[in-house]
Amino acid sequence: MTNVWTPRVGGDAPTVDDVGELGVLRSVLAVVEPAAADVGPGDDAAVLTTSTGRTVVTTDSMVLGLDWRDDWSSPQDVGVKVIAQNLADVVAMGARPTGVVVALAAEGATRVDWLVDLTRGMADELRRAGVGSFGGDLSGAPDGTVAVAVTGLGDLPAGREPLLRANARVGESIIVSDVLGRSHAGLLVLLGEVAPSERAGTATQECVGWHRAPRPRYAGDEAAAAGVRCAMDVSDGLMLDAARIARASSVRLAFDGDALRAMARPLEPVVGDRALECALSGGEEHALLATSPEGRVPAGWHVVGRVEDGQGVTLDGEPAQTEGWTHFGAR
C-alpha cells in the first residue's frame, strides 16, 4: 500500500462541516467492503448469524495525539493500525475474525479526503484478514479531537475452546508467533531518541513502518492446531503481558534471555543498546504470546521460555521488570 499523507485539516479540500454527516458516510462507505451479514450498514444495528453461535467480541480505540500523530502517521497508517490491534485480540482468543463495527468522532475541520484515506487503510487490513465491516457510527467532536473506536467480532470454530490467559500449565513452552521489538524501535526513531547507524539499512524503515501500521500474522488457527490453550496479544509489552498470564494461571513464566537477545539483535543497528529493551517492554507488536505443550510448536513460532511452578515472571532465573505500556498508573 502506498503510504501517501493526506493533511487532516487545512487546504481547499471539503471538510466534515462542508458536506455534513451523510456526505461523509457516502464517501467512506464507498471504500470499505461490507462484512457478510443478514443486515449490514444502513439500519440501527447489524444482524448476523454465526456458524457456531459462539461469537468473540473486542473493542479498542485510537485517539489523536495519544495513539498517533499527524506529522508521522498517514491516515492509511491509522486505519491499518486500529484494525490490526482489534483483529489481533480476536485471534488471540482462538477465533476467526468475521468483521468490525467502527465509531468515529472528528472535529468539523477534518477533511473528508483524510477520512476516506483513513477508511482505505482500514479496508486494506480488513481485506488482508479476509473480512469486512458491519457498519458503525459517526460523531462530531471538539476542536482538535479525533478518535476512532473499532469493535472486532470473531467466530469460534465448532469444538474449539477459547484460548484463555488462565490456561497456562507447568511444563509448557512459552512461544511467540513473530519477532518482537520492531514497533518500539520505530517509536524511538520517530521520537528522535536514537540515531540509527549507517548499517541499519532497511531495518529502520521496517521498524518505523511496523510502528505506524503493523501487519501481524493472524495465527490463531496455527496456535489451536498445536494444542495451545493459553494465548494473548502482545499489545502492551512482552514482560507486562506475560505477568498477566502468570497471574491469571497462578504459574511462573520463565524466559530464556539468550533466545530474547537473539531476537533483539537485528534491532541493534537501529536502536543500539536499547534493542533488548524494545523486545521486552515494547508495545503494539500484535504478535501472539502463548504457551504450548512440549514439542508442539507451530512452524515459524519462537520458543522463548518455559512455564514453571511458582509465580511472576523471570528472565534468566531472576525476577524480571514487568514494564510496558499503560494508559494510567495501575497495571
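The solvent-accessible surface of the chain in this predicted model amounts to about 14,600 Å², and 50% of this exposed area is supplied by carbon and sulfur atoms. Of the 331 residues in the chain, 51% are buried. The radius of gyration is 20 Å, which agrees with the value near 20 Å for a compact globule with 331 residues. Along the principal axes, the C-alpha atoms occupy a box of roughly 60 × 50 × 35 Å. Contacts between residues at least 6 apart in sequence are made up, to 88%, of pairs at least 24 apart. The secondary structure of the chain comprises ten helices and eleven strands.

Four of the strands form an open sheet in the order β1-β4-β2-β3, and the pairing within this sheet is mixed. The edges are taken by β1 (residues 55-63) and β3 (residues 132-140); each has a single partner strand, so one side of each is left without a neighbour in the sheet. From one strand to the next, the twist averages 15°. Strand β2, which spans residues 96-106, runs parallel to β3, and the two are joined by eight bridges. Within this part of the sheet, A105 is placed opposite S139 of β3.

Two helices are associated with these strands. Helix α3, formed by residues 112-129, packs on the sheet and touches β2, β3 and β4. The direction of α3 makes an angle of about 170° with that of β2. Helix α2, formed by residues 75-92, lies across β1, β2 and β4, the last of these spanning residues 146-155. The angle between α2 and β1 is about 150°.

One residue of helix α3 was examined individually. E125 is located in this helix and has a relative accessible area of 0%. Residues under 20% are classed as buried, so E125, at 0%, belongs to the buried class. When neighbours within four places in sequence are left aside, the contacts of E125 are V80, I83, A84, R215, P216 and Y218. Among these contacts, V80, I83 and A84 fall within the range of helix α2, residues 75-92. The contacts R215, P216 and Y218 lie outside the residue ranges of both α2 and α3. E125 in α3 is thus in contact with residues of α2, a helix that lies across β1, β2 and β4.

Key
Residues numbered from 1 in each chain as written. Predicted model: local features only at pLDDT ≥ 70, side-chain atom pairs only at ≥ 80, totals over all residues. Heavy atoms only, no water. Pairing = 2+ DSSP bridges. Axes fitted to C-alpha atoms, helices over the stretch in contact; angles between N-to-C directions. Contact = heavy atoms within 4.5 Å. Buried < 20%, exposed > 50% of the residue type's maximum accessible area, 1.4 Å probe, protein only. Rg over C-alpha atoms; globule rule 2.2 N^0.38 Å. Areas by Shrake-Rupley, 256 points an atom, 1.4 Å probe, with all protein chains shown as cover.
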